[in-house]
Amino acid sequence: MKKYLFLLIIGLVSITLAACGGEDDKLVVGATNVPHAVILEEAASLLEDEGIELEVVTFTKYELINQALVNEELDANYFQHIPYFETEQAEKDYDIANAGGIHIEPIGIYSTKYDSLEDLPDGAKILISSNFPDHGRILSLFQEQGLITIKDGVDPLVAQLDDIEENPKNLEFDYDYSPELLPQIYENGEGDAVVINSNFALDAGINPVEDSIAIEGSESPYVNIIAVRNGDEEREDIQTLVDVLHSEEIQQFILDEYSGSVVPVNE
């Protein structure tokens, strides 16, 4: 009897160990559709090789994604650039951390009416995002293009519309629009020019490199990151996720898939 009991215990332990050893570590990552979710899905098989099952949860509204992370509905998210991340930390007191930068999405200026920024008329109406952390980025692009200047002493990355010093063409910046609606507004021919984040442009089938009349350079500081709850950046599975996204295979996929509309980084 003791022999059979001993064998039964050994069998149960073996089954339990086999089951544990056969289960992948599961990572739930929140993302916007394009390019973030697409890049993650491409990385899924590489993560599976490392024993990590990836579940991608897609969102259309930025403001929900960090909240879901803080509420422990996600292990990580991949949608935001560093200035947005830092604004969310400061304004909402989110205890979140940057686990690594993955890519840059150059923001672009689009127009159905004009072929270049030089063609914009006096008083041209520029439609931009209602997302205030984007405004410094937008104004920096217009300053780089020589259309405005920002007041001395103001960091262009955090500049707001009140910080415009010179505006020779009297451009009118209208920030009444949700960022995800801007591609449709552009295609409807509204305004004289529309500024669109590349992820929303790509999601709408707009090619930022070919269709924009001006676009950010690859030196942009607006790196899109993997964000996690503070302390989780040290988790082995999170570090593996970042390593896979930094891998030559994924970086080449980004270059091939988006032809400069999305630029990989390794930091």
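Begin by selecting strand β3, which contributes three residues to the lining of the largest cavity, the largest share from any one element. The model you have open is a predicted one, and β3 covers residues 76-81. Add α7, residues 198-203, to the selection, since this helix, like β3, supplies at least two residues of that lining.

Now turn to the space itself. The structure holds one cavity of 30 Å³ or more, and about 110 Å³ of space lies in the largest cavity. Of the 14 residues that line the largest cavity, select Tyr 62, Phe 79, His 81, Asn 197 and Asn 224, which are the closest to its centre. If you colour the lining by class, you should find three nonpolar, eight polar and three charged residues. Rolling a probe the size of a water molecule over the atoms shows where empty space is left.

Next, select helix α2, residues 33-49, and follow it from one end to the other: its 17 residues reach 24 Å from the first C-alpha to the last, which is close to the 24 Å expected at 1.5 Å a residue. Pause at Ala 43, where α2 bends by about 35°.

Which residues of α2 are buried? Select Val 34, Pro 35, His 36, Ala 37, Ile 39, Leu 40, Ala 43, Ala 44, Leu 46 and Leu 47, and you have the buried residues of this helix; Ala 43 is thus both one of the buried residues and the place of the bend. An α-helix has 3.6 residues a turn, so residues three or four places apart point the same way.

Finish at Gly 51, which follows α2 and has a positive phi, near 80°.

Terms used
Residues are numbered from 1 along each chain as its sequence is written. This is a predicted model: local features need pLDDT of at least 70, side-chain atom pairs count only at pLDDT 80 or more; totals for chains, interfaces and linings use all residues. Side-chain values use heavy atoms; hydrogens and water are left out. On a 1 Å grid over the protein atoms alone, a cavity is a set of points where a 1.4 Å probe fits but cannot get out, and a pocket is an open set with protein on both sides within 12 Å along at least five of seven lines; lining residues have an atom within 4 Å of a point. Grid points are joined across faces, edges and corners, and a volume is the space filled by probe spheres set on the points. Helices (H or I, at least four residues) and strands (E, at least two) are DSSP runs, numbered from the N terminus. Ala, Val, Leu, Ile, Met, Phe, Trp, Tyr, Cys and Pro count as nonpolar, Asp, Glu, Lys and Arg as charged, and the others, Gly among them, as polar. The expected span of a helix is 1.5 Å times one less than its number of residues. The bend at a residue is the angle between axes fitted to the seven residues ending there and the seven starting there. Buried means under 20% relative accessible area, exposed over 50%, partly exposed in between (1.4 Å probe, protein chains only).
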